[in-house]
Amino acid sequence: MNKWDFFLLLVGIPFIVFLAFLGAGFIFTSSSYFCANCHEMSTQYVSWTRSTHKAVPCLECHSEPGFIGEIKAHINGSSDLFKHLTKLYSRDEISLEIKDASCRICHKGIKEKDEEFRNIHLNHSKVKIDCIDCHAGLVHGDIGGGFLYQKASCKHCHPELAVSKSESQ
């Protein structure tokens with residue numbers, strides 16, 4: 001056995017095994033099942049399973065689009081995993097930003113048949129109001145299932161609109 005064969009056995013094979021475990025871990029931690037395993041996420045998981053987005057994996061919304069966005073989400077998620085394992089997590093810390101670019105992967109343009117809704121979306125987009133500003137409760141709203149938009153959030157820009165408590169739910 002020459003020194004290159006020995007080097008390959010000593011370094012190459014363990015490196016290949018390491019890459020295989022890294023890839024398997026990346027795939028497993030990308031699943032919604034993985035996200036749901038933390039007790040801190042049980043309410044979010046149940047509301048997601050009852051929402052209109054139940055077929056959309058967590059990372060589709062909770063990471064920036066593309067491979068780099070998914071890598072960033074895994075890096076940030078490792079911090080959450082550490083906090084969970086060391087019991088340093090507070091329920092108040094559970095909040096992940098959702099960028100409009102993530103919404104627009106599936107919702108590529110305004111295709112409402114109703115012209116009023118199309119205009120509402122276009123007007124809000126022009127003044128840089130994010131999708132999540134109005135649709136925050138869509139997936140992780142009421143544990144019985146999400147709702148289309150939060151009318152109560154309209155009052156921030158439209159104080160003249162009277163919104164009852166029942167309308168905001």
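Helices here are DSSP runs of H or I with at least four residues, numbered from the N terminus. With that in hand, here are my notes on this predicted model.

1. **Overall make-up.** Helix α3, residues 42-49, is a good place to start, and Y45 is found in it. The protein chain as a whole has nine helices and zero strands. Read along the sequence, the pattern is therefore α-α-α-α-α-α-α-α-α. Of the 169 residues in the protein chain, 18% are buried. The chain exposes about 12,500 Å², and carbon and sulfur atoms supply 64% of that area. Among contacts with a separation of 6 or more, 55% are between residues 24 or more positions apart.

2. **Y45 in helix α3.** Is Y45 buried or exposed? Neither label fits: with a relative accessibility of 33%, Y45 counts as partly exposed, because that class runs between the 20% and 50% limits. Leaving aside residues up to four places away in sequence, Y45 touches S32 and A36. Y45 can also be placed relative to C58: the two are 13 residues apart in sequence, and their C-alpha atoms are 9.3 Å apart in space.

3. **H74 in helix α5.** Helix α5 covers residues 66-85, and H74 lies in it. H74 has a relative accessible area of 18%, so it falls under the 20% limit and counts as buried. Which residues does H74 touch, not counting those up to four places away in sequence? They are F26, T29, S30 and L59.

4. **The nonpolar patch.** Please look at the surface made by M1, W4, F6, F7, L9, L10, V11, I13, V17 and F21. Together these residues make a nonpolar surface patch of about 1,100 Å². One of them, F7, has its place in helix α1, which covers residues 3-29. The relative accessibility of F7 is 46%, and F7 counts as partly exposed. A patch residue needs over 30% relative accessible area, so a partly exposed side chain can still belong to a patch.

5. **Salt bridges.** How many salt bridges does a search of the whole structure find? The answer is two. In one of them, E64 pairs with K72, and the closest N and O atoms are 3.3 Å apart. E64 is partly exposed, with a relative accessible area of 32%, and K72 is also partly exposed, at 40%. In the other, the side chains of R104 and D100 meet at 3.8 Å, N to O. That distance still qualifies, because the limit is 4 Å. R104 and D100 both lie in helix α6 (residues 100-106), four residues apart, about one turn of the helix. R104 counts as partly exposed at 40% relative accessibility, whereas D100 counts as buried at 13%.

6. **Helix α7 and the residue K128.** Helix α7 (residues 115-126) has twelve residues, and at 1.5 Å a residue it should span 16 Å. Its end C-alpha atoms are 16 Å apart, so the expected span and the model agree. Just after α7, K128 takes a positive phi of about 65°. Why is that worth a second look? Most residues other than glycine have a negative phi. K128 is a residue other than glycine with a positive value. K128 lies in the loop between α7 and α8, the latter being residues 131-135. At 71% relative accessibility, K128 counts as exposed.

7. **Cysteines.** If you are wondering about disulfides, the count comes to zero. Why is C58 not bonded to C35? The sulfur of C35 is the closest cysteine sulfur to that of C58, but at 3.9 Å the pair is too far apart for a bond, because a disulfide needs the sulfur atoms within 2.5 Å. C58 is buried, with a relative accessible area of 17%. For C106, the closest cysteine sulfur is in C61, at 7.1 Å, which is also too far for a bond. C106 counts as exposed, at 55% relative accessibility.

Note on methods:
Residues are numbered from 1 along each chain as its sequence is written. This is a predicted model: local features need pLDDT of at least 70, side-chain atom pairs count only at pLDDT 80 or more; totals for chains, interfaces and linings use all residues. Side-chain values use heavy atoms; hydrogens and water are left out. Helices (H or I, at least four residues) and strands (E, at least two) are DSSP runs, numbered from the N terminus. Buried means under 20% relative accessible area, exposed over 50%, partly exposed in between (1.4 Å probe, protein chains only). Contact means heavy atoms within 4.5 Å. Patches are made of residues with over 30% relative accessible area and no salt bridge: like charges are joined within 9 Å, nonpolar side chains (Val, Leu, Ile, Met, Phe, Trp, Tyr) within 5 Å. Accessible areas come from the Shrake-Rupley method with a 1.4 Å probe; for residues, only the protein chains shown count as cover. The expected span of a helix is 1.5 Å times one less than its number of residues.
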